[in-house]
Amino acid sequence: MTRWLNAEEQRTWRAFLFASRALLETLDRELQHDSGMPHAYYEILVRLSEAPERSMRMSDLASSLASSRSRLSHAVTRLTEQGWVRREDCPTDRRGQLAVLTDRGYEVLAAAAPRHVDGVRAHLFDQLTPEQLTQLGEISTRLLDHLDPDHELR
């Protein structure tokens, strides 16, 4: 038997859904305006910047972003056209490829990061009390543990 949401649960669900969507859309719009890239590309650059030698196997990069391999491949093609990322053959696996953050890509990321962090702070962290931030962290971790037990937060 279906356990339908009561009125309070429905309000909470919709508030969560719409707030999450609005936050991501706002951050994406700001990144597009300020840096000329969508949030998805920014996240790729971030992951590569944090990896050893600014390089990751394409399959590992896709997994870390919870992205399909085809979607990531398309994005990396666009980033390669911009000169921000290059592809290299994987030295340990003939079938594998690496995505490597170029110096130009790192410069673009370094220029975009301060404004993006300002946006995250203004639209999320500054809107919550310290207690609410603690709760948000606990709630988010609990949901992530349930939905993706093998996750790796970085």
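In which helix does His 39 lie? In this predicted model, His 39 is found in helix H2, and with a relative accessibility of 18% it counts as buried, because buried residues are those under 20%. When neighbours within four places in sequence are left aside, the contacts of His 39 are with Asp 28, Leu 31 and His 116.

Two of these contact residues, Leu 31 and His 116, appear again in the lining of the largest cavity. A search of the whole structure finds one cavity of 30 Å³ or more, and the volume of the largest cavity is about 50 Å³. Its lining consists of Leu 27, Glu 30, Leu 31, Asp 34, Arg 115 and His 116, and the elements that give two or more residues to this lining are H1 and helix H5 (103-123). Helix H1 provides the largest share, with four residues. Sorted by class, the lining of the largest cavity holds three charged residues, two nonpolar residues and one polar residue.

Attention now turns to helix H4 (69-82) and its surroundings. The end C-alpha atoms of H4 are 20 Å apart, which agrees with the 20 Å that its 14 residues should span at 1.5 Å a residue. The buried residues of H4 are Leu 72, Ala 75, Val 76 and Leu 79. Seen down the axis of the helix, these buried residues of H4 fall within an arc of 100 degrees, so they line one face of it. Such a pattern can be understood from the geometry of helices in general: an α-helix has 3.6 residues a turn, so residues three or four places apart point the same way. The cover over the buried residues of H4 includes helix H2 (39-50), helix H3 and strand E2 (85-89), whereas the face turned away from the buried side of H4 carries the exposed residues Ser 70 and Glu 81. Just after H4, Gly 83 takes a positive phi of about 85 degrees.

Helix H4 also contributes to the second largest pocket, in which about 200 Å³ of space lies. This pocket is lined by Arg 57, Met 58, Ser 59, Arg 69, Leu 72, Ser 73, Arg 87, Asp 93, Arg 95, Gly 96 and Gln 97. Helices H3 (58-64) and H4 each supply at least two residues of the lining of the second largest pocket, and the largest share, three residues, comes from H4. By class, the lining of this pocket has five charged, four polar and two nonpolar residues. Leu 72 therefore has two roles in this description, being listed among the buried residues of H4 and also among the residues that line the second largest pocket.

Two loop residues other than glycine have a positive phi. Glu 53, in the loop between H2 and strand E1 (55-57), has a phi near 60 degrees, and it counts as exposed at 76% relative accessibility, because exposed means over 50%. Ala 66, in the loop between H3 and H4, has a positive phi of about 55 degrees although it is not a glycine, and at 77% relative accessibility Ala 66 likewise counts as exposed.

A further exposed residue is Trp 4, which lies in the segment before helix H1 (7-35) and has a relative accessibility of 72%. Trp 4 and Ser 70 are 66 residues apart in sequence, and their C-alpha atoms are 36 Å apart in space.

Conventions. Residues numbered from 1 in each chain as written. Predicted model: local features only at pLDDT ≥ 70, side-chain atom pairs only at ≥ 80, totals over all residues. Heavy atoms only, no water. 1 Å grid on protein atoms, 1.4 Å probe; cavity = no way out; pocket = protein on both sides within 12 Å on 5 of 7 lines; lining within 4 Å. Points joined across faces, edges and corners; volume = space filled by probe spheres on them. Nonpolar A, V, L, I, M, F, W, Y, C, P; charged D, E, K, R; others polar. Expected span 1.5 Å × (residues − 1). Buried < 20%, exposed > 50% of the residue type's maximum accessible area, 1.4 Å probe, protein only. Arc of directions from axis to C-beta. Contact = heavy atoms within 4.5 Å.
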